[in-house]
Structures are given as C-alpha cells and as structure tokens.
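Me: I should like to understand how the descriptions of a structure follow from its computed values. Please take me through the reasoning step by step.

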Amino acid sequence: MVAAILEDEMGYDVNLTTAELGMVYTSLASGEEDLYMAGWLPITHEDYMEEHGDDIEQLGTVYDDARIGLVVPEYVEVESIDEMDEYYNEFEGQIVGIDSGAGIMQNTNEAMDLYDSLADY
C-alpha cells in the first residue's frame with residue numbers, strides 16, 4: 001500500500017526489497033535502502049536499533065498499541081502459557097516464530113526457560 005501511495009500519489013520510483021531483519025537495518029543505516037515501514041519498537045527490534053539507531057532516522061509511529069506475545073489459532077482453547085503442555089503433540093512440539101534475533105524470539109526463549117509447560121518445546 002505504501003509503495004502504491006509513493007508511486008501513484010507522490011511520483012516516486014519504488015523498488016521493494018525482501019531481506020532478513022539484520023540486513024534491513026544494516027541497509028538502512030548505510031543508506032543502501034531508504035525506508036522500512038515495519039519496525040517494531042521499542043522491544044522487538046531493540047537490538048537492531050541499539051546497533052544501527054544512530055544512523056537511522058525515525059520518522060514517526062504508524063501504530064502505537066501493538067502487542068507481542070505467543071498466540072495460537074482460535075480453535076485451540078489455550079488461555080495461558082501454563083496450558084501449552086496440553087497441546088504439545090498438536091503443535092508438534094514447536095513454537096514457530098520470526099527472525100531469531102527479534103525481541104519477541106528472545107522473550108520466547110526466556111519464557112521457555114521460566115515455564116515448565118514449555119520445557120519440551
């Protein structure tokens with residue numbers, strides 16, 4: 001949507017790029033890429049901003065009430081992390097996440113250490 005607005009309404013030439021998050025932040029900091037619309041700050045991409053933030057200009061916030069955490073499909077009646085061990089087989093013993101360096105994954109690893117219900121995942 002942003003690409004369409006930049007092209008159609010503002011006259012910019014847009015080239016979309018897909019990359020791993022570490023490369024996205026490195027490319028922004030070096031000036032190789034110009035814009036990234038999906039920064040999850042202050043927590044999820046905190047490490048990337050600590051490393052590259054001095055060379056990246058933050059233009060503003062698109063949405064400021066986002067939450068992060070573990071989620072399950074609606075048909076699974078898990079209400080808390082404590083219940084996850086009941087669904088171990090259904091989830092094939094896996095927690096699927098995003099880029100391993102993202103804050104949510106670091107928080108998930110910490111939760112796996114803290115909660116007995118996640119010990120075997």
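The exchange below treats the overall form of the chain and then its aromatic pairs.

Reply: Please note at the outset that this is a predicted model.

Me: What makes up the chain in terms of helices and strands?

Reply: The chain holds four helices and zero strands. Read from the N terminus, the order of elements is α-α-α-α.

Me: Why is the chain called more spread out than a compact globule?

Reply: For 121 residues the globule rule gives 14 Å, whereas the radius of gyration of the chain is 18 Å; the value is well over the rule, so the chain is described as more spread out than a compact globule. Along the principal axes, the C-alpha atoms fill a box of roughly 55 × 30 × 25 Å.

Me: What share of the residues is buried, and what surface does the chain expose?

Reply: Of the 121 residues, 26% are buried. The chain exposes about 9500 Å², of which carbon and sulfur atoms supply 46%.

Me: How many aromatic pairs are found, and why is the pair of tyrosine 25 and tyrosine 36 called edge-to-face?

Reply: The whole structure contains four aromatic pairs. The ring centres of tyrosine 25 and tyrosine 36 lie 5.7 Å apart, which is within the limit of 6.5 Å, and their planes meet at 70°, which is over 60, so the pair is edge-to-face. Tyrosine 25 belongs to helix α2 (residues 21-30) and tyrosine 36 to the loop between α2 and α3 (46-52), eleven residues apart. Tyr25 and Tyr36 also form one aromatic cluster with Tyr48.

Me: How do you know whether tyrosine 25 and tyrosine 36 are buried or exposed?

Reply: Tyrosine 25 has a relative accessibility of 3%, under the cut-off of 20%, and therefore counts as buried. Tyrosine 36 has 28%, which falls between 20% and 50%, so tyrosine 36 counts as partly exposed.

Me: What makes tyrosine 88 and tyrosine 121 an edge-to-face pair, and which parts of the chain does the pair tie together?

Reply: The centres are 5.1 Å apart, within 6.5 Å, and the angle between the planes is 75°, over 60; the pair of tyrosine 88 and tyrosine 121 is therefore edge-to-face. Tyrosine 88 lies in the loop between α3 and α4 (103-114) and tyrosine 121 in the segment after α4, so the pair ties together parts 33 residues apart in sequence.

Me: Why is tyrosine 88 called partly exposed?

Reply: The relative accessible area of tyrosine 88 is 31%, which lies between 20% and 50%, so tyrosine 88 is partly exposed. Tyrosine 121, at 15%, is under 20% and therefore counts as buried.

Conventions:
Residues numbered from 1 in each chain as written. Predicted model: local features only at pLDDT ≥ 70, side-chain atom pairs only at ≥ 80, totals over all residues. Heavy atoms only, no water. Helix = DSSP H or I, 4+ residues; strand = E, 2+ residues; numbered from the N terminus. Rg over C-alpha atoms; globule rule 2.2 N^0.38 Å. Buried < 20%, exposed > 50% of the residue type's maximum accessible area, 1.4 Å probe, protein only. Areas by Shrake-Rupley, 256 points an atom, 1.4 Å probe, with all protein chains shown as cover. Phe/Tyr/Trp six-rings, centres within 6.5 Å; stacked < 30°, edge-to-face > 60°.
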